[in-house]
Amino acid sequence: MVSQMQSDKLESPRQGFDTPRFDPDVLPPLSPALETVIRAETVTIRYGDFAAVRDVSLKIPDHHVTAIIGPSGCGKSTFLRAINRMNDFIPQMSISGSLLYRGENIYRTRCDPVDLRRRIGMVFQKPNPFPKTIFKNVAWGAAINGYRGNIDDLVEKSLRQAAIWDEVKDKLHQSAFALSGGQQQRLCIARAIALQPDVLLMDEPCSALDPIATALIEDLIDQLKKNFTVVLVTHNMQQAARVSNFTAFMYMGELIEFDKTDTIFTKPNKQRTQDYITGRFG
Amino acid sequence: MQPTIGKKLTRAKEQAILVCLFACALISVVTTASIIWILSSEAFAFFQHVSPLAFLFGTRWAPLLEPKSFGVLPLICGTVLVAGGALLIAVPIGLGSGIFLSEYAPPRVRSIVKPILEVLAGIPTVVYGYFALVFITPRILQPLFPGTDIFNAASAAIVVGIMIVPTIASLCDDAFRAVPRSLREGAYALSATRFEVSTRVVLPAGMSGVVAAIILAFARAIGETMAVTLAAGAMARLTINPLVSIQTMTSYIVQVSLGDTPHGTIEYQTIFAVGMLLFLITLMFNVLAQQVLKRFREAYE
C-alpha cells in the first residue's frame with residue numbers, strides 16, 4: 001500500500017494558513033461569523049489519470065452538519081476520505097489544490113495522518129466493528145492513543161453519546177458481532193467519538209441499515225453536532241434534508257452548488273441541482 | 001429429432017473425459033488406501049511380537065543390536081527436538097515475513113519477495129542437509145559451542161526451520177489478507193499506526209490462520225527426512241541436548257531401508273510400526289489444522 005502524493009500548492013509556506021477573508025464564490029450564504037473547520041480550495045483528486053474530484057472549493061462550518069449529496073460515482077466519498085487521508089492507501093492517488101483543517105494543510109508533509117485521524121474521526125458505510133467485545137471496541141482507540149483517564153467512564157460516556165448504552169450495558173463483554181447492523185453502526189460511532197475528535201466524517205452511514213435503524217442514527221447525528229462538526233456523505237436526499245444544516249451537491253466530480261440545506265432543497269440556484277433533487281436524474 | 005453424428009461424438013468425448021478424470025482421482029485414493037493397508041498389516045505383524053505399550057513407552061530404541069529393545073520414545077524425542085527447534089526458528093521469521101508481505105510491502109516488493117520465498121520452498125531437502133553438515137555445524141555451531149557433535153539436532157533444527165519458513169510466511173500472508181479491509185480502515189480511522197493495525201487488529205483477526213500455519217509447518221517438520229538424516233545423525237537417544245547426535249523417526253526408517261535388514265524379520269517390521277506412528281501423528285496435526293482453519297473461515301460470516 002503505497003501512496004504517491006503530489007501536491008502542487010503544498011510547498012508554499014503561506015498555503016498552510018487560512019485567511020479569514022470571505023469568498024463569495026465558495027460559500028455565498030454562510031455568515032462570516034461561522035468558524036470554518038475544513039476548507040477546500042480547488043481540490044482535485046486523481047486515481048491515476050482519472051480525476052474523481054475536480055476543482056472543489058468549499059468551507060465546512062464548525063458544529064454543524066454538512067451533507068454531501070450526489071449520484072453514485074460523483075466523487076463525494078473520495079472527497080470525504082481525503083479529509084482524514086484515508087485515500088492514502090489507494091495506490092496511484094494524487095491530490096492537488098489545498099485542503100485545510102483549521103488552517104493547517106492536511107497534505108503538507110509535516111502533517112502526520114495518524115495525528116490527523118485522531119482529530120478527524122470516521123464512520124464507514126458498512127458497520128465494521130472489530131472482532132472483539134463491545135467494551136474493547138470502544139476502548140481500543142483510546143488505548144492505542146495513550147488515554148490515561150478512567151476507561152470505564154469513557155466507554156460508558158461514548159456509548160451514551162452514541163445512544164446505544166441502554167441496549168448494551170448488560171453485555172459489554174460480549175462480541176460486537178452479536179449486535180444488529182444498526183447497533184453495530186452506533187457502536188462504530190461510539191468508537192469514533194471515544195477519541196473525542198473535532199470532526200466526524202460519515203460515509204453513507206445508513207446505507208446498509210433498515211429504516212428504523214436509520215431513524216435512530218439520524219436522531220443521533222442531530223445530537224452529535226452539539227459536540228462535533230459532522231460531514232455526512234449520503235445518496236439519500238431526504239436524509240440530507242432531514243439532518244443537515246448545509247448541503248453540497250456534487251456531480252461528475254465537481255461541486256455544483258453548496259448552500260444552506262433549506263435553500264438547496266427549496267430554491268436551488270443551479271438548474272442541475274434542481275433536476276437532481278426533483279429526481280429528474282441520478 | 002435424431003442427434004447428429006457430431007453431437008454423438010461430442011457426447012462420447014465427454015464420457016471419455018469423465019472416465020479419465022475419475023481414474024486420475026481414483027489413483028490417488030487407491031494409493032493412499034494401499035499405503036495405509038501395507039503400513040497397518042506390517043505394523044500389526046510387528047505388534048504380534050512387541051506389545052504396543054512397550055513400543056510407545058519404552059525408553060530404549062535398539063532394534064538392530066543385542067539385546068533388542070523397541071521403545072520408540074528416543075525416536076519421538078529426537079523428532080520433537082528437531083521439529084520443535086525448527087518451529088522456534090521458523091515461527092518468528094515466518095510470521096514477520098507474513099506481516100511484512102500483507103501489511104507493509106508495496107505491491108512491487110511483494111511481487112519480488114513472494115516468488116523468492118517460494119523458491120526457498122522448492123530447494124531439494126538433501127541440499128539443506130548438506131548445508132547443515134558442511135556449513136552450519138562446522139562454521140557456526142562448533143565455534144560457538146565447542147564439543148558439538150558433527151551430527152547434531154541443532155543444525156537439523158536450523159535447516160528444517162529455514163525450510164518451513166515459506167510455508168508459515170505464505171499461509172500467514174493468506175490469513176492476513178483474508179482479514180477484511182474494512183477492519184483495517186476502521187483501525188486506521190481511529191488514529192492507529194501501521195504497526196498497531198498489524199499487531200492489534202490484523203494479527204488477532206488472522207490468529208486461527210496463523211495457528212493452522214504453525215500446525216501444518218510442524219507436521220512438515222516432523223515428516224522431514226533427508227535433511228534430518230544427513231544433519232542429525234543416527235544415534236537414537238532420549239535427550240534434550242540439541243548439540244549431540246540423535247535419531248528421528250524418519251531417519252530411522254531411512255537407516256533400515258538403506259541397510260541389509262532382511263524382509264519379514266522383526267527388525268524390518270519396525271520401520272512400518274514407526275511409519276504408522278509417524279503417519280498417525282502427521283494426520284492428527286493435519287486434521288487439527290483443518291479444524292482451526294474451519295473455525296477461522298467462520299469468523300466474519
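**A walk through chains A and B**

Hi everyone, let's start with one pair of residues: A:Thr66 stands opposite A:Phe246, which belongs to strand β9 of chain A. Before I go on, please keep in mind that what you see above is a predicted model.

So where does that pair sit? Strand β3 of chain A covers residues 65–69, and strand β9 of chain A covers residues 246–251. Four bridges join these two strands, and they run parallel. If strand pairing is new to you, here is the basic idea: strands of a sheet pair through backbone hydrogen bonds, in either a parallel or an antiparallel way.

Now let's widen the view. Which order do the strands of this sheet take? In chain A it reads β6-β7-β8-β3-β9-β10. That makes six strands in an open sheet, and the pairing is mixed. At the edges you find β6, residues 120–123, and β10, residues 254–260, each pairing on one side only. From one strand to the next, the twist averages 15 degrees.

There is also a helix to look for here. Helix α1 of chain A, residues 76–83, lies across β3, β6, β7, β8 and β9 of that chain. Relative to β8, helix α1 runs at about 150 degrees.

Next, how do the two chains meet? On the chain A side, 21 residues are in contact with 17 residues of chain B. Three elements of chain A, namely α2 (113–119), β6 and α3 (134–144), each supply at least two residues to that side. We have already come across β6 as an edge strand of the sheet. By class, the residues on the chain A side are 12 nonpolar, five polar and four charged.

Let's move over to chain B. Chain B has 12 helices and two strands. Starting at the N terminus, you pass two helices, then the two strands, and then helices for the rest of the way. The C-alpha atoms of chain B fill a box of roughly 70 × 70 × 35 Å along the principal axes. Of the 301 residues in chain B, 39% are buried.

Finally, how is chain B divided up? The domain assignment gives domain 1, residues 5–49, and domain 2, residues 62–297. Their centres, taken over C-alpha atoms, are 31 Å apart. Where these domains of chain B touch, domain 1 brings seven residues and domain 2 brings eight. The domain 1 side of that contact has four nonpolar residues, two polar ones and one charged one.

That's my tour, thanks for listening!

Methods: Residues are numbered from 1 along each chain as its sequence is written. Chains are lettered from A and ligands numbered from 1 in the order in which they are written. This is a predicted model: local features need pLDDT of at least 70, side-chain atom pairs count only at pLDDT 80 or more; totals for chains, interfaces and linings use all residues. Two strands pair if DSSP finds at least two bridges between them. Axes are lines fitted to C-alpha atoms, for helices over the stretch in contact, and angles run from 0 to 180 degrees between N-to-C directions. Two residues are in contact if their C-beta atoms, placed from the backbone, lie within 7 Å. A residue is buried if 20 or more other C-beta atoms lie within 10 Å of its own, exposed if 12 or fewer, and partly exposed in between; C-beta atoms are placed from the backbone. Ala, Val, Leu, Ile, Met, Phe, Trp, Tyr, Cys and Pro count as nonpolar, Asp, Glu, Lys and Arg as charged, and the others, Gly among them, as polar. Domain bounds come from an automatic or database domain assignment.
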